[in-house]
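This report describes one protein model, from its overall dimensions to single residues.

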Amino acid sequence: MKKLTGILLASTLATPLFAEAVDDTLVLNEEIKMVTRTAAPAHMAEEVDEIISGWHFRGKETRAMQADDFDNPGMIFVEKGEDSWNKVEGSEGKSCASCHGDSASMADVRPVYPKYNEAAGEVRTLEMQVNDCRENQMGAEKLGYTSGSMANMTALLASVSRGKPVNVAIDGPSSATWEAGKELYYARTGQLELSCASCHEANYGNMIRADHLSQGQINGFPTYRLKNTKLNSVHARFKGCVRDTRAQTYKPGSAEFVALELYVASRGNGLSVEGPSVRN
């Protein structure tokens, strides 16, 4: 049965339906022209020629929904994130705004995360940095890694960066983490013996079940999924993908998922930050 299941899934992935990304241009609020497809970064040259946002693999209505903030359901959560940004919490009597000022001042942050933190001696995701600030600067409790409150905050930080190019560093002190993430990306796991690359590199554009496979770019995270009507974080999506291969998954915020996020983010270097995006 296991072997048969794998064969059936492989057959589904190989079905050449809607193999091309939609030819369209994302202009946010009729003002900001977003880079949603561009030449692959140098470190991806042997894998793909072009990197393409998941926006191109969605239907016309979904693409239009993301293009207008009044229609994008993810913007409701951005507003909640803004409230949290200005809320005084913790023993130090501070809010995020107390140190950083207006949230718009953080426009250059989301494009470079995950990022190596020299003081901590580790690569940190945006969620990790948010919690470090809350705990050590505000004296406030950490937010759950994939909680709604954290997703709201990262959606806010992504929203003020929209249009800026993803540019995560993969050299220097980040290189070891990047290499670990790359190894995970290509490792076949689970009863179905699938890797991230099985779907998002070898079969993007094809159909799996009733969905259109994208390149798995994460420049649009956190993303509002119509499927579950909420914001979804990168590690929650990783967890779901690993689960679908019928493998034992890692925990959100784990070293494995941090490494995988750095690698996957680097595959999108050059695409515009889109979060909160809208996907199926």
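The text below covers overall form, nonpolar cores, one helix residue and backbone exceptions.

**Overall form**

The model is predicted. The protein contains ten helices and eleven strands. Its radius of gyration is 19 Å, which agrees with the value near 19 Å that a compact globule of 280 residues would have. The C-alpha trace spans about 60 × 40 × 35 Å along the principal axes.

Of the 280 residues, 48% are buried. The accessible surface of the protein is about 13800 Å², and carbon and sulfur atoms hold 50% of that surface. Among contacts with a separation of 6 or more, 69% are between residues 24 or more positions apart. The protein has 30 positive and 36 negative charges, and the mean positions of these two sets lie 7 Å apart.

**Nonpolar cores**

In soluble globular proteins, nonpolar side chains tend to be buried together. Which residues have the most contacts inside the largest nonpolar core? They are Tyr-185, Ile-218, Phe-238, Leu-260 and Val-264, in a core of 26 residues. Two or more residues of this core come from each of α7 (175–186), α9 (234–244) and α10 (255–266). The most is given by α10, with seven residues.

Leu-260 shows which parts of the chain meet here. Neighbours within four places in sequence left aside, Leu-260 is in contact with Gly-181, Leu-184, Tyr-185, Cys-196 and Phe-238. Two of the residues named here, Tyr-185 and Phe-238, are also among those with the most contacts inside the core.

A second core, separate from this one, has 20 residues, including Phe-77, Leu-126, Met-138 and Leu-143.

**Ala-265 in α10**

Ala-265 is found in helix α10. Is this residue buried or exposed? The relative accessible area of Ala-265 is 7%, so the residue counts as buried, the cut-off being under 20%. Not counting residues up to four places away in sequence, Ala-265 touches Pro-114, Val-166, Val-168 and Ile-218. Ala-265 and Lys-87 are 178 residues apart in sequence, and their C-alpha atoms are 30 Å apart in space.

**Backbone exceptions**

Most residues other than glycine have a negative phi, and most peptide bonds are trans. The table lists exceptions to both tendencies.

| Site | Backbone feature | Value |
|---|---|---|
| Phe-221 to Pro-222 | cis peptide bond | omega near -5 degrees |
| Gly-275 to Pro-276 | cis peptide bond | omega about 0 degrees |
| Glu-30 | positive phi | phi about 60 degrees |
| Arg-246 | positive phi | phi about 65 degrees |

Where do these sites lie along the chain? Pro-222 is in the loop between β8 (211–212) and β9 (223–225). Pro-276 lies in the loop between α10 and β11 (277–279). Glu-30 is in the loop between β1 (27–28) and β2 (32–33), and Arg-246 is in the loop between α9 and α10. The loop of Arg-246 thus joins two helices that each give two or more residues to the largest core.

The two residues with positive phi can also be placed by accessibility. Glu-30 has a relative accessible area of 77% and is therefore exposed, since the cut-off is over 50%. Arg-246, at 46%, counts as partly exposed.

Definitions and conventions:
Residues are numbered from 1 along each chain as its sequence is written. This is a predicted model: local features need pLDDT of at least 70, side-chain atom pairs count only at pLDDT 80 or more; totals for chains, interfaces and linings use all residues. Side-chain values use heavy atoms; hydrogens and water are left out. Helices (H or I, at least four residues) and strands (E, at least two) are DSSP runs, numbered from the N terminus. The radius of gyration is taken over C-alpha atoms; the globule rule is 2.2 Å times the number of residues to the power 0.38. Buried means under 20% relative accessible area, exposed over 50%, partly exposed in between (1.4 Å probe, protein chains only). Contact means heavy atoms within 4.5 Å. Accessible areas come from the Shrake-Rupley method with a 1.4 Å probe; for residues, only the protein chains shown count as cover. Lys and Arg count as positive and Asp and Glu as negative; His and the chain ends are not counted. The place of a charge is taken as NZ of Lys, CZ of Arg, CG of Asp or CD of Glu. A nonpolar core is a set of buried Ala, Val, Leu, Ile, Met, Phe, Trp, Tyr and Cys residues joined through side-chain atoms within 4.5 Å.
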